[in-house]
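Walk through this fold one step at a time. Keep the sequence beside you as you read.

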Amino acid sequence: MTESPCTPGQTVGPFFGIGLPYPRDRELVGEEFPGAVELHGTVYDGAGAAVPDALVEIWQPDSAGRISRAPGSLRRGGRTFTGWGRAATDADGHYTFTTVAPGPTSAGGPAYYAVAIFARGLLDRLFTRAYLPDTDLDAVPGLAGLEPRHRTTMRCHAEIDSGRTRYRFDVHLQGPDETVFLSYRGGRS
């Protein structure tokens with residue numbers, strides 16, 4: 001039997017503009033939804049340059065910590081919370097979601113957005129969390145072993161713009177400010 005050479009691995013992008021976007025994909029709720037906030041940020045590469053062709057996905061519970069189980073999250077009407085969204089970065093590497101602040105899913109637990117990043121040069125998506133600004137990251141299970149400067153890469157920064165709450169969460173794929181990424185095995189963290 002003749003042995004064939006291995007085929008090199010393929011990266012996960014950039015090809016997102018072909019089949020992944022859909023109407024209102026970045027709107028987990030409409031702007032008029034009670035308690036609507038904006039989650040936004042920029043994706044940076046290892047040299048500190050913005051990544052203009054990344055894709056960011058978030059999953060989250062609603063403000064009361066309930067995880068949406070409703071089918072049809074691809075059909076966005078703006079009046080119901082879907083719990084999942086997808087946003088492509090623009091030419092400046094910036095992404096934006098209209099959503100709500102997540103609530104903790106367990107008593108005393110932290111509130112966070114679960115984030116996945118797809119970008120050129122990656123062989124698989126990267127996972128991280130964007131914890132709300134007031135979260136005590138020292139008390140989050142699994143983060144205690146990280147240096148404090150690394151833990152802070154998983155924190156949103158609050159901004160107020162015209163009375164509306166905005167959370168900024170920048171993602172650094174590599175480099176001195178690299179975001180902490182999580183590893184999931186068998187579908188669990």
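Contact here means heavy atoms within 4.5 Å. With that in hand, start at Y167. Setting aside residues up to four places away in sequence, Y167 touches V37, E38, L39 and H40. The list for Y167 goes on with A101, Y113, L132, P133, C156, H157 and A158. Remember that this is a predicted model.

Now look at the wider group around Y167. The largest nonpolar core has 29 residues. Y167 is among those with the most contacts inside it, along with L39, V43, F97, Y113, V115 and F169. Which strands each supply at least two residues of this core? They are strand 1, strand 2, strand 4 (94-100) and strand 5 (112-118). Strand 1 gives the most, with four residues. There is also a second, separate core of six residues. Y131, V140, L143 and M154 are included in that second core. In soluble globular proteins, nonpolar side chains tend to be buried together.

Stay with strand 1, which covers residues 36-44 and holds H40. Is H40 buried or exposed? H40 is buried, because its relative accessible area is 2%, and buried means under 20%. Leaving aside neighbours within four places in sequence, the contacts of H40 include H94, Y95 and T96. H40 is also in contact with E159, R166, Y167, R168 and F169. With R166 there is a polar contact: the two side chains are joined at 3.3 Å. Compare H157. It lies 117 residues from H40 along the chain, yet their C-alpha atoms are separated by 10.0 Å.

Next comes the sheet. Four strands form an open sheet in the order 3-2-5-6, with antiparallel pairing. The edge strands are strand 3 (84-88) and strand 6 (126-131), and each pairs on one side only. On average, neighbouring strands of this sheet are turned by 25 degrees against each other, direction ignored. Take one pair as an example. Strand 2 (residues 55-59) and strand 3 run antiparallel, joined by five bridges. I58 stands opposite G85 in strand 3.

Finish in the loop between strand 2 and strand 3, where D62 has its place. D62 has a relative accessible area of 13%, so D62 counts as buried, given the cut-off of under 20%. What does the side chain of D62 reach at 2.9 Å? The backbone nitrogen of A64. Beyond neighbours within four places in sequence, D62 is in contact with F81, V100, A101, P102 and G103. A101 takes you back to the start, since Y167 touches A101 too.

Methods
Residues are numbered from 1 along each chain as its sequence is written. This is a predicted model: local features need pLDDT of at least 70, side-chain atom pairs count only at pLDDT 80 or more; totals for chains, interfaces and linings use all residues. Side-chain values use heavy atoms; hydrogens and water are left out. Buried means under 20% relative accessible area, exposed over 50%, partly exposed in between (1.4 Å probe, protein chains only). A polar contact is a pair of N or O atoms within 3.5 Å; within protein, one must be able to donate a hydrogen and the other to accept it, and residues adjacent in sequence count only if both atoms are side-chain atoms. Two strands pair if DSSP finds at least two bridges between them. Axes are lines fitted to C-alpha atoms, for helices over the stretch in contact, and angles run from 0 to 180 degrees between N-to-C directions. A nonpolar core is a set of buried Ala, Val, Leu, Ile, Met, Phe, Trp, Tyr and Cys residues joined through side-chain atoms within 4.5 Å.
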